[in-house]
Amino acid sequence: MAQEVKVAATKETQSFGHVESIPLAHRRMSNWDLFATWIGANANNGTWYIGGVIAACGFLTASTTLIIVGLVSYALLAVASYMGYQTGVPAMALTRASFGLRGSFIPSLINVVQFIGWAAVNTFIAATSISYIFGELFGWPLYGKPGGTFGLIVGILIMSALHLLSISLGERSVRLIERIGIVLVVVFVLWESVVVFRTVSFHAILTWQPPHHLRMSSGVAADTLAAFNLAWVTAASDFSRFTAKKSAATTASFLGANLGLFWFAFIGLFATIGTAVSLNHFDPNNSDPSTVAAKLGLGIIALLVIVLTSTTANAVNLMSAGSALTNMTHRLSLNVSLWLVTIAATLVTFIPVYLASFLDVFETFLDGIGMFLGPEIAIFLVDYFFLKGKHYRLEELTKVRGAYWYTHGINWIAVASWLLGVAAYWGLKQVPAIATTTGATFIAMAITAAIYGCGMRLTKAQPVTAK
């Protein structure tokens with residue numbers, strides 16, 4: 001099935017870098033490994049924070065939206081994972097078939113930016129935990145208090161060192177970290193659940209309502225969750241290419257991602273509402289796990305677990321960003337790319353320290369991701385499953401003048417469809433009946449899929465030989 005695709009550049013054959021397809025015999029990821037990878041990818045600080053942010057909907061609206069968006073999003077993750085299992089090729093290299101060899105730089109750049117952003121989000125939250133730890137141990141001012149920025153900066157640097165360590169061996173590091181991290185996640189979530197429900201009753205959480213001026217609509221919550229969930233769809237093949245089992249790529253990925261999402265988003269939802277009830281005050285800026293854990297009195301051990309779970313999540317984020325970067329440049333190995341994106345993530349983490357509140361930066365980041373990601377995903381899924389019949393010619397993924405060269409390396413039908421999808425998302429966000437109920441993300445994806453599918457069939461787009 002899958003084979004190594006490395007076409008050397010010669011005078012006779014022009015090659016657009018190389019794409020490595022992992023042969024079935026060399027794949028070592030089991031069902032459990034992929035299940036644990038996707039649990040670990042979502043069982044982290046960012047997911048907790050998402051749960052805390054959508055608490056502004058009230059419990060019933062937030063929980064219903066969380067479940068529906070999670071199931072839809074990770075059904076797409078499962079089918080995208082199938083692409084990696086079937087081909088053995090990284091996610092962004094697969095977009096060469098739909099966007100063109102050069103056109104694939106667009107989804108690759110989006111992935112580099114978004115996963116660096118997600119790594120920065122998790123790093124910031126974990127660094128906040130470290131600042132609380134330093135406050136407990138050495139009496140340093142907490143972040144948010146005068147002089148508290150120093151502890152946060154030290155925390156960011158410590159987390160960056162841990163991230164460099166976590167990606168030092170590439171895919172093997174991720175697999176090892178996820179196996180260890182899943183145990184810590186189970187212990188922490190159980191502990192957190194006991195503390196929350198000892199403090200506040202479930203009935204109080206169920207009936208609590210946010211202040212009117214802070215209330216979030218179901219549509220905004222849906223778009224927020226979709227942006228969070230769909231990020232993983234664009235990285236699915238980066239991990240499923242290492243498994244020889246279809247069930248691992250599809251069923252295990254779907255279940256693991258949803259379990260991690262529901263587990264930590266619900267605990268973030270419970271903890272944030274529980275804290276609001278017990279303190280009789282709700283502030284969405286204080287929804288991160290470090291602040292909530294401190295207010296609930298969980299102590300240093302809980303904060304250390306938050307730090308470690310951030311490392312497990314960022315191992316996946318950084319691996320995906322590094323893989324996307326290698327699709328954009330042919331001179332960097334995966335390990336060098338991983339180091340570069342880790343350093344970039346460290347720099348990005350400092351943005352909310354000096355320029356804006358973390359919540360403001362986070363919400364702006366999510367809105368941008370949702371607008372660009374959804375249309376991209378719609379295009380590469382429609383291309384593989386409907387237009388190309390679940391079959392890509394792997395040897396053509398590197399060929400100049402090959403089957404996926406289109407017009408000078410770019411499939412302009414895909415690019416135009418993507419831009420129209422982005423415009424559709426923005427336009428739908430201006431329609432109150434949509435923006436406040438269903439959200440714009442999935443409707444914009446459906447529109448993009450229809451435009452791309454019709455555009456390719458009507459124009460019968462074929463590669464145009466470069467001159």
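Biologist: Asp-223: buried or exposed?

Modeller: Asp-223 counts as buried, at 4% relative accessibility. Keep in mind that this is a predicted model.

Biologist: Which side chain meets Asp-223 in a salt bridge?

Modeller: That of Lys-429. The N to O distance is 3.1 Å.

Biologist: Where do Lys-429 and Asp-223 lie?

Modeller: Lys-429 lies in helix 18, residues 412-429. Asp-223 is in helix 10, residues 218-233. The two are 206 residues apart in sequence, so the pair ties together distant parts of the sequence.

Biologist: And how accessible is Lys-429?

Modeller: Its relative accessibility is 23%, so Lys-429 counts as partly exposed. Asp-223, on the other side of the bridge, is the buried partner.

Biologist: How many salt bridges does the structure hold?

Modeller: Six.

Biologist: Which residues are joined into one network by salt bridges that share partners?

Modeller: I'll take two of the bridges, then the network. Arg-393 forms a salt bridge with Glu-396, with the closest N and O atoms 3.5 Å apart. The side chain of Glu-396 also meets that of Lys-399 in a salt bridge, at 3.4 Å from N to O. Salt bridges that share partners join Arg-393, Glu-395, Glu-396 and Lys-399 into one network.

Biologist: What about Glu-396, buried or exposed?

Modeller: Glu-396 is buried, with a relative accessible area of 7%. Arg-393 counts as partly exposed at 41% relative accessibility. Lys-399 is partly exposed too, with a relative accessible area of 28%.

Biologist: New topic. Where does Asn-317 lie?

Modeller: In helix 14, which covers residues 299-328. Asn-317 is buried, and its relative accessible area is 2%.

Biologist: Which side chain makes a polar contact with the side chain of Asn-317?

Modeller: The side chain of Asn-314, at 3.0 Å.

Biologist: Why might residues three places apart in an α-helix point the same way?

Modeller: An α-helix has 3.6 residues a turn, so residues three or four places apart point the same way.

Biologist: Leaving out residues up to four places away in sequence, what does Asn-317 touch?

Modeller: Phe-115, Trp-118, Ala-119, Asn-122 and Trp-232.

Biologist: Last one, helix 3. How many residues does it have, and how far does it reach?

Modeller: Helix 3 has 29 residues, 59-87. From the first C-alpha to the last it reaches 42 Å. That is close to the 42 Å expected at 1.5 Å a residue.

Biologist: What follows helix 3?

Modeller: Gly-88. The phi of Gly-88 is positive, near 75°.

Methods: Residues are numbered from 1 along each chain as its sequence is written. This is a predicted model: local features need pLDDT of at least 70, side-chain atom pairs count only at pLDDT 80 or more; totals for chains, interfaces and linings use all residues. Side-chain values use heavy atoms; hydrogens and water are left out. Helices (H or I, at least four residues) and strands (E, at least two) are DSSP runs, numbered from the N terminus. The expected span of a helix is 1.5 Å times one less than its number of residues. Buried means under 20% relative accessible area, exposed over 50%, partly exposed in between (1.4 Å probe, protein chains only). A polar contact is a pair of N or O atoms within 3.5 Å; within protein, one must be able to donate a hydrogen and the other to accept it, and residues adjacent in sequence count only if both atoms are side-chain atoms. Contact means heavy atoms within 4.5 Å. A salt bridge is a side-chain nitrogen of Lys or Arg within 4 Å of a carboxyl oxygen of Asp or Glu.
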